[in-house]
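Trainee: Could we take a close look at one part of this model, the pairing of charged side chains? I'd love to know where the pairs sit and what surrounds them.

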Amino acid sequence: MSDSPPPARGASPSESPTVDVTAMPSVLARIAGLALRYPGRVALITATSLLAAVASLTLPRLFGRAVDQATHLLAGGAAQADAARAALLVSAGLVIAATSARGLLGMASAYHSEYLSQKVARDLRIAFFQHLQMLSFGFHDRVHSGDLITRGMLDLEGARTFIQGTMQPALALLLLLAFAVWMMVSTEPAMALIGLAFVPVAGVAMARMGFRLRVTWLRVQQMMSALTLTMEENLQGIRVVRAFAGRGFELGKFDAASNAVLTFQYKRITLRARGVAVMQSSFHVSLIVLLWYGGRRVLAGQMTVGRLTEFLTYMTLLQSPIRQIAIIFNSMARATSGGARVFEVLDLEPQIADAPNARPLVAPKGVLRFEHVDFHYDPRGRQVLSDVSFEVMPGRTLGIVGPPGSGKSTIANLIPRFYDVSAGRITIDGQDVRAVTLASLREYVGLVQQEAFLFDTSVGHNLAYGDPWAEDARIEGAARTAQIHDHIAQLPRTYETRVGERGVALSGGQRQRMSIARGVVPGPGVMIFDDSTAAIDAVTERKVREALARATETKATVIIAHRLSSLMHADEILMLDEGRVVERGTHAELVARGGTYAELYELQSRSDAGAVLDEAVVAEAGA
């Protein structure tokens with residue numbers, strides 16, 4: 001199963017989800033299989049549940065015997081009074097002991113069930129997060145992070161509660177029902193049939209409720225994904241919301257999503273309440289009929305009061321577990337819907353993965369080559385790159401320019417194999433990037449992107465993200481190369497200063513220079529700069545470019561830019577248009593040719609003198 005987006009992605013509240021009625025056994029069995037990885041804990045839960053059920057089932061016999069003993073005590077003479085009183089005290093002591101044992105064993109069973117469910121949740125959470133790191137960029141391009149967060153948190157919690165809220169109570173319920181039915185049938189078959197007549201009625205009601213709850217839970221989970229998406233986008237774009245006075249619109253959107261969730265939560269509660277009502281009504285009807293029938297038999301002398309008490313106690317014991325049937329069915333419905341959504345992601349096979357015989361990249365020279373590369377994101381969509389070929393030798397720089405959508409960033413993403421080419425191949429020292437391990441390839445290829453994402457941690461940790469064990473001197477050297485060291489030195493705690501969420505404490509240009517420094521720290525063999533200086537002023541950009549030239553003088557370097565001043569110094573420049581190389585050469589050659597590149601250069605020079613400055617002007621401004 002390739003990592004195409006899950007079908008439930010982006011479902012609106014008005015859409016009716018498709019429910020696979022056959023999924024429940026397989027999903028619940030899979031969750032139970034996760035619990036069986038801890039057989040000792042499962043055995044302990046089973047043992048304590050079994051013993052608690054046995055302790056509970058001794059109570060009807062003890063109560064029945066106590067009632068008969070009390071009857072004999074009242075009917076007997078003074079000679080039998082002492083013996084009957086002693087026997088009654090013994091029965092009372094046994095009832096206390098059985099009740100205490102049931103309580104302690106039930107507590108132990110509940111504790112270990114909770115413990116086991118949390119262990120399984122941890123394992124599943126780690127597996128889910130790890131798998132997200134392996135899925136390709138193509139998957140993350142199509143699936144919103146809000147939906148994945150909902151699956152990894154709320155849906156996973158629903159799967160966890162199945163172990164605690166279903167497996168353990170269901171086990172206790174089955175044990176109680178099995179023993180109670182056996183004892184009742186072996187003692188009074190007719191009364192057993194009357195007492196258990198409610199079971200088929202309750203079973204049909206619960207089965208119907210369970211299916212409808214699955215539909216409702218699936219709708220709720222889809223809506224929670226939409227709600228999470230709404231909140232996440234609002235928080236990430238809070239400055240845009242404030243700038244355009246969008247508070248009212250955002251509140252209305254969130255209220256609509258919240259009300260949609262509330263509506264279906266009410267529907268879920270109503271379904272559960274109806275199921276409980278049917279079950280409880282049928283139970284009490286059976287109890288009334290049993291009391292009437294048993295009372296007549298007692299009056300006819302065909303049954304003792306103690307035996308009737310025993311049957312009524314069996315019914316009372318069953319009442320509490322039967323009340324849990326609704327909880328169990330609700331938990332099963334939630335676990336099936338939530339577990340299916342979690343497993344849907346876990347079952348995806350990454351499109352970009354190591355080949356079976358992949359070997360680490362060995363690149364003593366570091367020659368990057370594109371050989372007739374074609375690429376498309378969707379086989380049914382347009383071709384993004386067509387027959388792109390070039391070679392970048394160590395110590396040489398390739399510049400790539402072109403209009404938006406021409407395929408520039410796609411080239412940058414293909415080199416570290418974030419995507420695979422559709423045709424042709426990409427090699428480093430003659431090794432196809434698809435034949436080497438991803439870890440070694442991405443360690444060798446350094447990519448600095450235009451979007452400078454920073455983590456909410458210190459400046460130093462952000463810079464050393466690619467090499468957490470980098471020495472302070474290397475980190476500071478990379479910062480100096482990116483022309484950001486002087487600013488960092490003025491921060492309250494210098495390199496220990498936190499940058500805030502997404503680097504909010506820094507300007508756009510400072511974040512880009514931080515991103516450049518982060519790309520330099522590991523010392524990769526191939527450097528790619530994807531419009532990574534767009535937010536930096538021209539004077540600083542020149543300083544950064546000169547420092548980078550020294551830092552990458554032995555490496556193959558690719559610079560992608562809209563601003564021609566960023567790549568005029570390149571040894572070769574490719575002009576892309578609709579995924580094809582329409583011109584190539586040095587800056588001087590392309591300007592002299594008078595083609596598209598020359599027109600772009602003239603336009604930028606005329607319309608924005610600050611974007612493309614003459615070398616002498618830049619030098620004077622820098623001085």
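Trainee: To start, how many salt bridges does the structure hold?

Mentor: There are 19 salt bridges in the structure, a salt bridge being a side-chain nitrogen of Lys or Arg within 4 Å of a carboxyl oxygen of Asp or Glu. Some ground rules first: this is a predicted model, in which local features need pLDDT of at least 70 and side-chain atom pairs count only at pLDDT 80 or more, while totals for chains, interfaces and linings use all residues. Residues are numbered from 1 along each chain as its sequence is written, and side-chain values use heavy atoms, leaving out hydrogens and water. As background, side chains of opposite charge can pair when their charged atoms come close.

Let's begin with arginine 341 and aspartate 155, whose side chains meet in a salt bridge at 2.4 Å, N to O. Arginine 341 belongs to helix 10 and aspartate 155 to helix 5, so this pair ties together parts that are 186 residues apart in sequence. (Helices are DSSP runs of H or I with at least four residues, strands are runs of E with at least two, and both are numbered from the N terminus.) Arginine 341 counts as buried because its relative accessibility is 2%, and aspartate 155 does so at 1%; buried means under 20% relative accessible area, exposed over 50%, and partly exposed in between, with a 1.4 Å probe and protein chains only. The two also belong to a network of salt bridges that links Asp147, Arg151, Asp155, Arg341 and Glu344.

Helix 5, which spans residues 145-187, also holds methionine 153. Together with Ile149 and Leu154, Met153 makes a nonpolar surface patch of about 270 Å². Patches take residues with over 30% relative accessible area and no salt bridge, joining nonpolar side chains (Val, Leu, Ile, Met, Phe, Trp, Tyr) within 5 Å and like charges within 9 Å; the areas come from the Shrake-Rupley method with a 1.4 Å probe, and for residues only the protein chains shown count as cover.

Next, look at aspartate 347, which forms a salt bridge with arginine 30, their closest N and O atoms being 2.7 Å apart. Aspartate 347 sits in the loop between helix 10 (305-346) and strand 1, and arginine 30 in helix 1 (residues 23-35), so the parts tied together are 317 residues apart in sequence. Here aspartate 347 is partly exposed at 32%, and arginine 30 is partly exposed at 36%.

Strand 1 leads us to another pair: glutamate 391 and arginine 369 form a salt bridge with their closest N and O atoms 2.2 Å apart. Since glutamate 391 lies in strand 2 and arginine 369 in strand 1, the pair ties together parts that are 22 residues apart in sequence. Glutamate 391 is partly exposed, at 36% relative accessibility, and arginine 369 is partly exposed, at 26%.

The backbone joins these strands too: strand 1 (residues 368-375) and strand 2 pair in the antiparallel sense over 5 bridges, where pairing requires DSSP to find at least two bridges between strands. One of the bridge partnerships sets leucine 368 against valine 392 in strand 2. Both strands belong to an open sheet of 4 strands with the order 2-1-4-5 and antiparallel pairing. Strand 2 (385-392) and strand 5 (431-432) are at the edges, each with a single partner strand, so one side of each has no neighbour in the sheet.
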